Amino acid sequence: MGIIPHNDVGCAIISGEGYKPPGPNGPIVYMDANPDLDIILNRIENAGGKIIKPKKAVSEDHEFMATFLDSEGNRMALHSLK
């Protein structure tokens, strides 16, 4: 994993066994979904995507994440503080 900082936001690059781009086994792009990732999750299936892992807490600091397939079958992820 590599973290690339940029002002208030950044990105991470992760590689390892099971990551085969593109498609459902490819790299996962984590996108900022603040203020609440439910806003975006509620739009995914109507846009042709599929939720793979619903919203779940990832830390005691109340951070949340979810993963989905976009309309082209690429695995993506969302992260928000609530």
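**Entry 1. The hairpins**

I began with the turn between strand 4 and strand 5 in this predicted model. The two strands form a hairpin with 6 residues between them, and H62 in the turn has a positive phi of about 70 degrees. I then followed the pairing itself and found strand 4 and strand 5 joined in the antiparallel sense over 5 bridges. One position I noted along this pairing is I51, which stands opposite F68 in strand 5.

I looked next at the hairpin of strand 5 and strand 6, where 5 residues lie between the strands. Here G73 takes a positive phi near 90 degrees. Strand 5, residues 64-69, and strand 6, residues 75-80, run antiparallel and are joined by 6 bridges. I recorded two of the partners: F64 is bridged to S80 in strand 6, and M65 is bridged to H79 in strand 6.

**Entry 2. The sheet**

Which strands make up the sheet, and in what order? I found an open sheet of 4 strands in the order 3-6-5-4, with mixed pairing. Strand 3 (29-32) and strand 4 (50-57) are the edge strands, each pairing on one side only. Neighbouring strands of this sheet are turned against each other by 20 degrees on average, direction ignored.

For the chain as a whole I counted 1 helix and 6 strands. Along the sequence they follow the pattern β-β-β-α-β-β-β.

**Entry 3. Strand 5**

I asked how many residues of strand 5 are buried. The strand is mostly covered, with 6 of its 6 residues buried. In a regular strand the side chains alternate between the two faces of the sheet. I therefore checked the two sides of strand 5 separately, and both faces are covered. F64, A66 and F68 are buried on one side, while M65, T67 and L69 are buried on the other.

I took A66 as a sample position and listed its contacts, leaving aside neighbours within four places in sequence. A66 touches L37 and L41, then K53, P54 and K55, and finally M76, A77 and L78.

**Entry 4. The nonpolar core**

I then looked up the largest nonpolar core, which has 9 residues in all. Its members are A33, L37, L41, I44, F64, A66, F68, M76 and L78. Helix 1 (38-44), strand 5 and strand 6 are the elements that give two or more residues to this core. Strand 5 supplies the largest share, 3 residues.

**Entry 5. Salt bridges around K55**

How many salt bridges does the model hold? I found 2. In one of them K55 pairs with D36, the closest N and O atoms being 3.1 Å apart. This pair links distant parts of the chain, for K55 is in strand 4 and D36 is in the loop between strand 3 and helix 1, 19 residues apart.

K55 also meets D38 in a salt bridge, at 3.1 Å from N to O. This second pair again links distant parts of the chain: K55 in strand 4 and D38 in helix 1, 17 residues apart. Salt bridges that share partners thus join D36, D38 and K55 into one network.

I asked whether each partner is buried or exposed. K55 is partly exposed, with a relative accessible area of 28%. D38 also counts as partly exposed, at 29% relative accessibility. D36 has a relative accessible area of 19% and is classed as buried because the cut-off for that class is under 20%.

**Entry 6. G16 and its loop**

I turned to G16, which lies in the loop between strand 2 (9-13) and strand 3. G16 is partly exposed, with a relative accessible area of 37%. I compared its position with that of P27: the two are 11 residues apart in sequence and 9.3 Å apart in space, C-alpha to C-alpha.

**Entry 7. The chain as a whole**

I closed with the totals. Of the 82 residues in the protein chain, 24% are buried. The chain exposes about 6000 Å², and carbon and sulfur atoms supply 54% of that area. Among contacts between residues at least 6 apart in sequence, 40% join residues at least 24 apart.

Note on methods: Residues are numbered from 1 along each chain as its sequence is written. This is a predicted model: local features need pLDDT of at least 70, side-chain atom pairs count only at pLDDT 80 or more; totals for chains, interfaces and linings use all residues. Side-chain values use heavy atoms; hydrogens and water are left out. Two strands pair if DSSP finds at least two bridges between them. Axes are lines fitted to C-alpha atoms, for helices over the stretch in contact, and angles run from 0 to 180 degrees between N-to-C directions. A nonpolar core is a set of buried Ala, Val, Leu, Ile, Met, Phe, Trp, Tyr and Cys residues joined through side-chain atoms within 4.5 Å. Buried means under 20% relative accessible area, exposed over 50%, partly exposed in between (1.4 Å probe, protein chains only). Contact means heavy atoms within 4.5 Å. A salt bridge is a side-chain nitrogen of Lys or Arg within 4 Å of a carboxyl oxygen of Asp or Glu. Accessible areas come from the Shrake-Rupley method with a 1.4 Å probe; for residues, only the protein chains shown count as cover.
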